[in-house]
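Subject: The structure I promised you

Hi,

Here is the structure we talked about, ready for you to open. Have a look around first, then read on for what turned up.

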Amino acid sequence: MTRKNYAWKIGEELPELSPHSLAKHRIYRRYIERYIEILTATSGQEELNHTIVDGYSGGGAYRLGREIVEGSPLIILRAILAAESKLNAVRSKGFKINAYFYFTDMVRDHCAFLVEQIRKREF
């Protein structure tokens, strides 16, 4: 199996997402959604305290042809927001997810790029 190394640097073109990583992201997104469903299955529960660590976060965005797609940190953030919104829609007392996120990467440029990507979005 060939190892694909991605590189992110502010001002440079996004790396192209490999088909393997695209499949991994789809599985990852669904896993997070289901995981939150399980953690919040008790109907009387009104909040969830949760810490999420992504130790190889990368820059958070890729190219897929002409499209920009989100990487694992943005997938996590979006999945948590969606889960909280979904729970608020069905719980009479509402629901709050108190999530703490730790995104890190060995390459400083990757972290800086990720911070920029997060700031550009609704997170």
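Before we get to a pocket, one bit of vocabulary: Ala, Val, Leu, Ile, Met, Phe, Trp, Tyr, Cys and Pro count as nonpolar, Asp, Glu, Lys and Arg as charged, and the others, with Gly among them, as polar. Keep in mind too that this is a predicted model.

With that sorting in hand, take the second largest pocket. Its lining divides into six nonpolar residues, six charged ones and one polar one. The space in this pocket is about 220 Å³, and 13 residues line it, with Glu33, Ala79, Ala82, Ala83 and Lys86 closest to its centre. Which helix gives the largest share of the lining? That would be α2, with seven residues. Both α1 (19-39) and α2 (72-90) supply at least two lining residues each.

Now zoom out a little. The chain has three helices and four strands, and reading along the sequence you get the pattern α-β-β-β-α-β-α. Its C-alpha atoms fill a box of roughly 45 × 30 × 25 Å along the principal axes. Of the 123 residues, 39% are buried. If you take contacts between residues at least 6 apart in sequence, 70% of them join residues at least 24 apart.

Back to α2, since there is a nice check you can do on it. At 1.5 Å a residue, its 19 residues should span 27 Å, and its end C-alpha atoms are indeed 27 Å apart, so the two agree. Several of its residues are buried, including Leu74, Ile76, Ile80 and Leu87. What covers the buried residues of α2? The cover includes α1, β1 (47-54), β3 (67-70), β4 and α3 (108-120).

One α2 residue worth clicking on is glutamate 84. Its relative accessibility is 17%, and the cut-off for buried is under 20%, so glutamate 84 counts as buried. Beyond its neighbours within four places in sequence, glutamate 84 is in contact with Phe95, Lys96 and Ile97.

That brings us to lysine 96, which lies in strand β4 (residues 96-103). Lysine 96 is partly exposed, at 42% relative accessible area. Leaving out neighbours within four places in sequence, lysine 96 is in contact with Glu46, Glu47, Leu48 and Glu84. How far apart in space are lysine 96 and phenylalanine 113? They are 17 residues apart in sequence, and 29 Å apart from C-alpha to C-alpha.

Last stop, the aromatic rings. A pair of them is described by the distance of the centres and the angle of the planes. There are five aromatic pairs here. Tryptophan 8 and tyrosine 62 form an edge-to-face pair, at 5.3 Å centre to centre and with 75 degrees between the planes. Tryptophan 8 sits in the segment before α1 and tyrosine 62 in strand β2 (residues 61-64), so this pair ties together parts that are 54 residues apart in sequence. Tryptophan 8 is buried, with 5% relative accessible area, and tyrosine 62 is buried too, at 7%. For a stacked pair, look at phenylalanine 101 and phenylalanine 103, at 5.8 Å centre to centre and with 15 degrees between the planes. Phenylalanine 101 counts as partly exposed, at 28% relative accessibility. Finally, Tyr6, Trp8 and Tyr62 form one aromatic cluster.

Cheers!

Notes: Residues numbered from 1 in each chain as written. Predicted model: local features only at pLDDT ≥ 70, side-chain atom pairs only at ≥ 80, totals over all residues. Heavy atoms only, no water. Buried < 20%, exposed > 50% of the residue type's maximum accessible area, 1.4 Å probe, protein only. Contact = heavy atoms within 4.5 Å. 1 Å grid on protein atoms, 1.4 Å probe; cavity = no way out; pocket = protein on both sides within 12 Å on 5 of 7 lines; lining within 4 Å. Points joined across faces, edges and corners; volume = space filled by probe spheres on them. Phe/Tyr/Trp six-rings, centres within 6.5 Å; stacked < 30°, edge-to-face > 60°. Expected span 1.5 Å × (residues − 1).
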